[in-house]
Amino acid sequence: MIIERYFTLRSNLEHLSPDENYCFKLRELEEIWSCSLKNVKRILKRLEEEGFLIYTPGNGRGNVSKVRYFNYFQEDVKGYIKKCSEEEELDKIAAILRLPIPEDWISDSSEEIRRLLGANQTESKPKDVLHVFKTTNITSLDPLDVFTAFETHILEHIGDTLIKYNDVQKRFDPHLAHHFKYDPTKTKLTLYLRKAVYFHDGRHLTSKDVKCSIERLYKSKNYSWMVKNINEVVCVNDHKLEILLHHPNSLFLHYLSTIHFCIQPHDIDNIDNKWIGTGPFIIKEKNENKLLIQANDYYFKERPLIDEIHFYIVAKDIPQLISINNEPLSSYNNSQHKLDSTSLKFLSLNLNKSSILDNKNFREAIYHLLDIRKMKDDLTDEILEADYEIIGTSKHKDPKRIPHLLNLANYQGEQLNIYYIDQKDAEDEAEWLKYEAKLHGINLELYPFNPNDSSINMNNIDILLIELTFLPNLHLTFSYALNNNALIFNQMFNNEIQKYTQEIIYKFESEQKEWKRSYIIKNTIEYILGELFIIPLYSPQNSKVINNNIYGVENHLFGYVDFTKVWVDD
C-alpha cells in the first residue's frame, strides 16, 4: 500500500515536521523500501500525486533530493491509527507499530488499539476471533528447528504427539497412541495408534507417518540427541509400531512427549512452507508479520471453543505500551491474569575462552555485585507487570568483599562484553549491572543480540544475560538444558565442564529410580552454582492483561494461555 510507503519513509528518515525541506539520497530509499532505484522514483511520484508530499529530484548524478510534507508526522500517525481502529483493521495498525515511531505517540493511541485487542464477535463476524500482539518473530515451526518459547507454544496448538506428560499426576497419558507398553527389557516400546485421526489436509494418520516423523529427528542439529538411543522404528501395521532402543533409557518417554516428536505426514518435505499436522488448530495464514490459526473442526479430541486467533508481530516495546497506560486497566474492560511460568534469569560466564573469568575470585566478585533486591527496587518503574520473586542462593552476598576479590584476581580493568536479549527489561537490567559494576571499577560494555542469530561470534561474548524457562517436567528440563546445543549458554562451557555434564547425562538417563535422578539433579546444580559457572538472578512471575469477556484462561507451557480452553461471552 502506498500509505505504508509514506509512513516507512518518514519514520526511518525521521522526517517529523512540515516546516522543513528534508534532504535525502534515493539510495537510502532503495534500502528502506527494498526496491530498485527506478521503483523508488515511481513511488515518490505517486506519493506526490496523491498529496502526501512535495518531491524535488536532485539535479545531476549524486546530488541529494528534497522532500517537504504537509502535516506533522505525529498527527498523521495518530489520525491513521484512529481511522484503522474505527474500521477494525488491526493488520494495518500492526504494520505501523513495526516502524521506529516514538513511544509516546503509540501511548496516546493505546485506548483505540486496546478496544480491538482480545476477542471480537459481531453480527457481521459470527466467529469468535482473538487478536494478539506479539514481539517475537516466528523463525521456524519445524519440530526439528523450533527454538523459542512462543514457537513451541504455537506448535503445541497445531501439532500432536503420541503421548503427553501429565504434570499434575506425574504420569504419561495416551494421545495419538491410545495404548503403549514396554517389553520386560525396556528396550522395545510398542504403540497402538488411534483410528480415524485426520491430518489437516484430510489424510488418515498411519504408522508410516509416525516412523518418518521420528526418523526426521536424526537430521536435527539441536534435537538429534533425543533419538540417539533409537535402534529402529518398525511399522507392524497401519496402526501399530515398535520403537527398538539400544539400551534402556528412563527419559525416553519424556522425550517422546515433547513437541519435537510432533507427527506429520511422511511425504512433507518443506514443513515451514506447508505445515500439516493433526492438532486442534490449523494454520490459515503465515507470513513474517502475521500468523492466523483457526479451529480444526475435525480434531480427534474436543474442538477448541475459540474459532480463530490472529497474531500480529509488532515492535518490541509495543505490547507494554498498550497494556499499561495512565488510566486504570478497568477502563479498558480488562483484567490481569497471573499465569504460572517457572523461569530463571541468570548470568552465564563464557569459560570457553581465555579471560579474567577463568579466575574464580573474579567470578565471585561478580556474584557479590548482584544485589537483586536493589535491582528490583531500582527498576520497579521500568520493568512493567513483573513481580520478582528472589531465589535463594547458598552464599550471602556482601559487596564489601568485591575490592578484595578483585585484588586477588589481579583485575586490571579489562573490558568485558555483556550480551543480552534485545528486549526492554533485559536492556534495563544490563544497564543497571553496568552502572553497579562501574562503581567497583569493573569495565562492562553492553551488546543486544537475537538468540536466533547463528552468526554470533561466541568469542565476543564474556557474560550472557539470559532467561531459561523450565518445563513442568523438571527431569526433562534438566536433560534438555544440558543436551540442547541451541541453548547458547551450553556453548560457553569449557571442555572440562562439557565432559562432566555428558557423564552426568549418561548416568541420569540410565537411572530408573526417580528419586536417584532427583539426587543427580541436586548435585549437578550445586556443582555448577558453587563453581559460579552461571550466576542466578531471579525468577520472574508472569501476568497477562486479558479482556474481561474472555473466559477459560488457563496456563499452558512457558506462561502462555492454553488457547484450546479459551471462550467468549457474547
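A residue is taken as buried when its relative accessible area is under 20%, as exposed when that value is over 50%, and as partly exposed in between. In the predicted model considered here, this criterion singles out F362, R363, E364, A365, I366, Y367, H368 and L369 as the buried residues of helix α12. The helix, which spans residues 360–369, is thus mostly covered, with eight of its 10 residues buried. At its N-terminal end, α12 is capped by N359, from which a side-chain oxygen lies 2.8 Å from the backbone nitrogen of N361.

For the protein chain as a whole, the secondary structure comprises 18 helices and 23 strands, and buried residues account for 50% of the 570 residues. The accessible surface amounts to about 27500 Å², with carbon and sulfur atoms contributing 47% of that area. When contacts between residues at least 6 apart in sequence are considered, 69% of them join residues that are at least 24 apart.

One open sheet is built from four strands in the order β8-β9-β11-β10, with antiparallel pairing. Its edges are formed by β8 (177–182) and β10 (230–237), each of which pairs on one side only, and the twist from one strand to the next averages 15°. Within this sheet, strand β9 (residues 188–193) and strand β11 (residues 240–245) are joined in the antiparallel sense over five bridges, and T190 has E242 of β11 as its bridge partner. Helix α9 (residues 207–216) packs on the sheet and touches β9, β10 and β11, while the direction of the helix makes about 170° with that of β10.

The loop between β8 and β9 contains K186, a residue that has a positive phi of about 60° although it is not a glycine. With a relative accessible area of 36%, K186 falls between the limits of 20% and 50% and is therefore classed as partly exposed. A positive phi, near 55°, is also found at S34, which is likewise a residue other than glycine. S34 is placed in the loop between α2 (26–33) and α3 (37–49), and its relative accessibility of 65% is over the 50% limit, so that S34 counts as exposed.

A further set of strand pairings involves β20 (residues 463–469), in which five of the seven residues are buried, so that this strand is largely enclosed by the rest of the structure. Strand β16 (residues 343–349) pairs with β20 in the antiparallel sense over seven bridges, whereas the pairing of β18 with β20 is parallel and extends over three bridges. L465 of β20 takes part in both descriptions, since L465 is the bridge partner of L347 and Y420 stands opposite L465.

Aromatic pairs number 24 in the structure. In one of them, W225 and Y255 adopt an edge-to-face arrangement, with 5.2 Å centre to centre and 90° between the planes. Because W225 lies in the loop between α9 and β10 and Y255 belongs to helix α10 (residues 252–256), this pair ties together parts that are 30 residues apart in sequence. Both partners meet the criterion for burial: W225 has a relative accessibility of 9%, and Y255 has a relative accessible area of 1%.

Another pair, formed by Y419 and F449, is tilted, with a centre-to-centre distance of 6.2 Å and an angle of 55° between the planes. Here, too, distant parts of the chain are linked, as Y419 is found in strand β18 (residues 415–421) and F449 in strand β19 (residues 443–449), 30 residues apart. Y419, with a relative accessible area of 12%, is buried, and F449 is buried with a value of 6%. Elsewhere among the aromatic residues, ring pairs link Y6, F7, Y22, F52, Y69, F73 and Y80 into a cluster.

Conventions. Residues numbered from 1 in each chain as written. Predicted model: local features only at pLDDT ≥ 70, side-chain atom pairs only at ≥ 80, totals over all residues. Heavy atoms only, no water. Pairing = 2+ DSSP bridges. Helix = DSSP H or I, 4+ residues; strand = E, 2+ residues; numbered from the N terminus. Axes fitted to C-alpha atoms, helices over the stretch in contact; angles between N-to-C directions. Contact = heavy atoms within 4.5 Å. Buried < 20%, exposed > 50% of the residue type's maximum accessible area, 1.4 Å probe, protein only. Areas by Shrake-Rupley, 256 points an atom, 1.4 Å probe, with all protein chains shown as cover. Polar contact = N/O pair within 3.5 Å; in protein donor to acceptor, adjacent residues only side chain to side chain. Phe/Tyr/Trp six-rings, centres within 6.5 Å; stacked < 30°, edge-to-face > 60°.
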